[in-house]
Amino acid sequence: MLLIGVNRSPYTRRVAITLHIYGVAYEQQALSGFNDRSDVRARNPLGRIPALMLDSGETLVDSGAIIDHLDEAYGGDGALTPAAGADRRAVLKVAAIMMGACDKALQAAYERNHRPAEKVHQPWIEDCMAQVEAALVSIAAMLGPDQPYLLLGRLTQADVTAFVAERLARGVGLDTEACVPRLHAYTRRLLGIPAFRDTEP
Ligand SMILES: N[C@@H](CCC(=O)N[C@@H](CS)C(=O)NCC(=O)O)C(=O)O
């Protein structure tokens, strides 16, 4: 199995963490969506990472669709996203908010880094960053002091997505230690788990 993408990408990293947790052996081709355009497009016509090439040769794209396959193939009864019901809805809701926060953080970063300086619209960046912060605050509010996991008393895809979103938010300049201290401390604790630690970019 071949994971295409760099772990600097929150979407790629959530797939890498999921593969680790499920104990699936894989290789990784560390391609960037921007720096390795033609190689990435050869795997995903949209030109985005991650993509996952299965041993059969089939290639899956988009972290949500890839993880859906991994849950089905390797998750069993302990899948990171429960198979059905209220537990599934709760995990998917957190994952949707955290992946949306990643989308907004990247829009802010793209506005800063991919446009000529005179065309950068600062209010748009601030609007995106306010959405990121509000999303993280809503998830931080679910955490009690020293609570190890967000939901169900065990590690789920809610934790994986909250981890990568907090990491990205920090990377684009949000002071998460100040604005979501409990979430910041919780992601530091998750780094004690090999799947999180060993996928550090
Ligand atoms: N919804 C997608 C988002 C993937 C995505 O936006 N990847 C970024 C890297 S963090 C990318 O490849 N961007 C290049 C581009 O959009 O041209 C997923 O969950 O996989």
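Residues are called buried when their relative accessible area is under 20%. In this predicted model, helix 8 offers a good place to see that idea at work: its buried residues are Leu 183, His 184, Tyr 186, Thr 187 and Leu 190. Viewed down the axis of helix 8, these residues fall within an arc of 165°, so they line one face of the helix. Such a pattern follows from helix geometry, because an α-helix has 3.6 residues a turn and residues three or four places apart point the same way. The cover over the buried residues of helix 8 includes helix 5, helix 6, helix 7 (176-179) and helix 9.

From here it is a short step to the interior of the protein. The largest nonpolar core holds 55 residues, and those that touch the most other members are Leu 19, Leu 52, Met 98, Leu 136, Leu 150, Leu 183 and Phe 196. Two or more residues are given to this core by each of helix 1 (10-21), helix 3 (63-75), helix 4 (85-113), helix 5 (122-140), helix 6 (157-171), helix 8 (181-190) and helix 9 (194-197). Helix 4 supplies the largest share of this core, ten residues. Apart from this core lies another, of seven residues, among them Leu 2, Val 6, Val 40 and Ile 49. As for Leu 52, its contacts beyond four places in sequence are Met 1, Leu 2, Leu 3, Leu 19, Glu 58, Thr 59, Leu 60, Ile 66 and Leu 70.

Open space can be explored as well. Rolling a probe the size of a water molecule over the atoms shows where empty space is left. The largest pocket has a volume of about 1100 Å³. It is lined by 37 residues, of which Ser 9, Pro 10, Tyr 11, Leu 106 and Tyr 110 are the closest to its centre. Helix 1, helix 3, helix 4 and helix 6 are the elements that give two or more residues to this lining, and the largest share, seven residues, comes from helix 4. In character, the lining divides into 16 nonpolar, 13 polar and eight charged residues.

Two single residues make a helpful contrast. Thr 12 has its place in helix 1 and, at 0% relative accessibility, counts as buried. Beyond its neighbours within four places in sequence, Thr 12 is in contact with Leu 3, Ile 4, Gly 5, Val 6, Asn 7, Gln 28, Ile 49 and Pro 50. Ala 30, by comparison, sits in the loop between strand 2 (27-29) and helix 2 (37-43), and its relative accessibility of 56% makes Ala 30 exposed. Not counting residues up to four places away in sequence, Ala 30 touches Gly 5, Val 6 and Asp 36.

Finally, some backbone details deserve a look. Ile 49 and Pro 50, both contacts of Thr 12, are joined by a cis peptide bond with omega about 5°. Pro 50 belongs to the loop between helix 2 and strand 3 (51-53). Positive phi values in residues other than glycine occur at Asp 62, near 80°, and at Leu 152, near 65°. Asp 62 lies in the loop between strand 4 (59-61) and helix 3, while Leu 152 lies in the loop between helix 5 and helix 6. Asp 62 is partly exposed at 48% relative accessibility, and Leu 152 is partly exposed with a relative accessible area of 37%.

Terms used. Residues numbered from 1 in each chain as written. Predicted model: local features only at pLDDT ≥ 70, side-chain atom pairs only at ≥ 80, totals over all residues. Heavy atoms only, no water. Core = buried A, V, L, I, M, F, W, Y, C linked by side-chain atoms within 4.5 Å. Buried < 20%, exposed > 50% of the residue type's maximum accessible area, 1.4 Å probe, protein only. Helix = DSSP H or I, 4+ residues; strand = E, 2+ residues; numbered from the N terminus. Contact = heavy atoms within 4.5 Å. Arc of directions from axis to C-beta. 1 Å grid on protein atoms, 1.4 Å probe; cavity = no way out; pocket = protein on both sides within 12 Å on 5 of 7 lines; lining within 4 Å. Points joined across faces, edges and corners; volume = space filled by probe spheres on them. Nonpolar A, V, L, I, M, F, W, Y, C, P; charged D, E, K, R; others polar.
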